[in-house]
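I opened this model today to look up a few local features and jot them down. Here are my notes, in the order I went through them.

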Amino acid sequence: MKTSLKYFFGLILLVLTIIGLYNFFVKNNSKNSNALKPIYIPAISLKTMDDQMFPLNTKTNKYKFLFFFDSNCDHCQTEASLLQKHLAEFKEANLIFISSENLRNIRIFADDYHLKNQPNITLCQIDP
């Protein structure tokens, strides 16, 4: 009798483990497949360094990478420096730098990190 109960509970534990593992892998696979779906950007207009409006949700065939930055942020400065060095690797993407700072600071940041006049880079101001 005791041996039968051990086998019964062992079998129940095995079944519960298999069900748990199955659910874990099914949920992880669905999360990974969602990561490949495009994300639609809401209609937000930004102001470019030329004081022109830039609609963020314009459809293009290129990926859009949004960088929210502050010109005084050490991490932002490091990222901009690295990006400038590897700009050729991003030629098939649109890189959009967004800051709530005034346009003067954004222009200085663009000049300092050679991001100005790059065909696939846009620096913009957003209303905080």
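**Entry 1: salt bridges**

I began with Asp-51 and Lys-47, whose side chains meet in a salt bridge at 3.6 Å, N to O. This is a predicted model, so I read the distance as a property of the prediction. The pair passes because a salt bridge needs a side-chain nitrogen of Lys or Arg within 4 Å of a carboxyl oxygen of Asp or Glu. Side chains of opposite charge can pair when their charged atoms come close.

How exposed are the two partners? I looked up Asp-51 and found a relative accessible area of 47%, which makes it partly exposed. Lys-47 is partly exposed as well, with 29%.

Next I noted the salt bridge between the side chains of Asp-111 and Lys-116, listed at 3.6 Å, N to O. Asp-111 is partly exposed at 41% relative accessible area, and Lys-116 counts as partly exposed at 34%. The count by this rule comes to 2 salt bridges.

**Entry 2: backbone angles**

I stayed with Asp-51 and checked its backbone. Its phi is near 65°, a positive value in a residue other than glycine. Asp-51 sits in the loop between strand E1 (45-48) and strand E2 (53-55).

I also wrote down His-114, which has a positive phi of about 55° although it is not a glycine. I place His-114 in the loop between helix H3 (103-112) and E5.

**Entry 3: the second largest pocket**

Which residues line the second largest pocket? I listed Thr-48, Met-49, Asp-50, Leu-115, Lys-116, Asn-117, Gln-118, Ile-121, Thr-122 and Leu-123. I met Lys-116 earlier as the salt-bridge partner of Asp-111. The volume of this pocket is about 160 Å³.

Strand E5 (residues 121-125) gives the most to the lining, with 3 residues. I sorted the lining by type and got 4 nonpolar, 4 polar and 2 charged residues.

**Entry 4: overall layout**

I then stepped back to the whole chain. It has 3 helices and 5 strands, and along the sequence they follow the pattern α-β-β-β-α-β-α-β. Of the 128 residues, 23% count as buried.

**Entry 5: two buried residues**

Cys-124 is found in strand E5. Is Cys-124 buried or exposed? At 0% relative accessibility, Cys-124 counts as buried, because buried means under 20%. I also looked up its separation from Ser-45: the two are 79 residues apart in sequence and 9.4 Å apart in space, C-alpha to C-alpha.

Leu-87 is in the loop between helix H2 (74-85) and strand E4 (93-99). Leu-87 is buried too, with a relative accessible area of 14%. For Leu-87 and Asn-120, which are 33 residues apart along the chain, I noted a C-alpha separation of 9.3 Å.

**Entry 6: a nonpolar surface patch**

Last, I turned to the surface. Ile-12, Leu-16 and Ile-19 form a nonpolar patch there, with about 270 Å² of accessible area together. Leu-16 lies in helix H1 (residues 2-35).

Why does Leu-16 count as exposed? Its relative accessible area is 55%, and exposed means over 50%.

Conventions. Residues are numbered from 1 along each chain as its sequence is written. This is a predicted model: local features need pLDDT of at least 70, side-chain atom pairs count only at pLDDT 80 or more; totals for chains, interfaces and linings use all residues. Side-chain values use heavy atoms; hydrogens and water are left out. Patches are made of residues with over 30% relative accessible area and no salt bridge: like charges are joined within 9 Å, nonpolar side chains (Val, Leu, Ile, Met, Phe, Trp, Tyr) within 5 Å. Accessible areas come from the Shrake-Rupley method with a 1.4 Å probe; for residues, only the protein chains shown count as cover. Helices (H or I, at least four residues) and strands (E, at least two) are DSSP runs, numbered from the N terminus. Buried means under 20% relative accessible area, exposed over 50%, partly exposed in between (1.4 Å probe, protein chains only). On a 1 Å grid over the protein atoms alone, a cavity is a set of points where a 1.4 Å probe fits but cannot get out, and a pocket is an open set with protein on both sides within 12 Å along at least five of seven lines; lining residues have an atom within 4 Å of a point. Grid points are joined across faces, edges and corners, and a volume is the space filled by probe spheres set on the points. Ala, Val, Leu, Ile, Met, Phe, Trp, Tyr, Cys and Pro count as nonpolar, Asp, Glu, Lys and Arg as charged, and the others, Gly among them, as polar.
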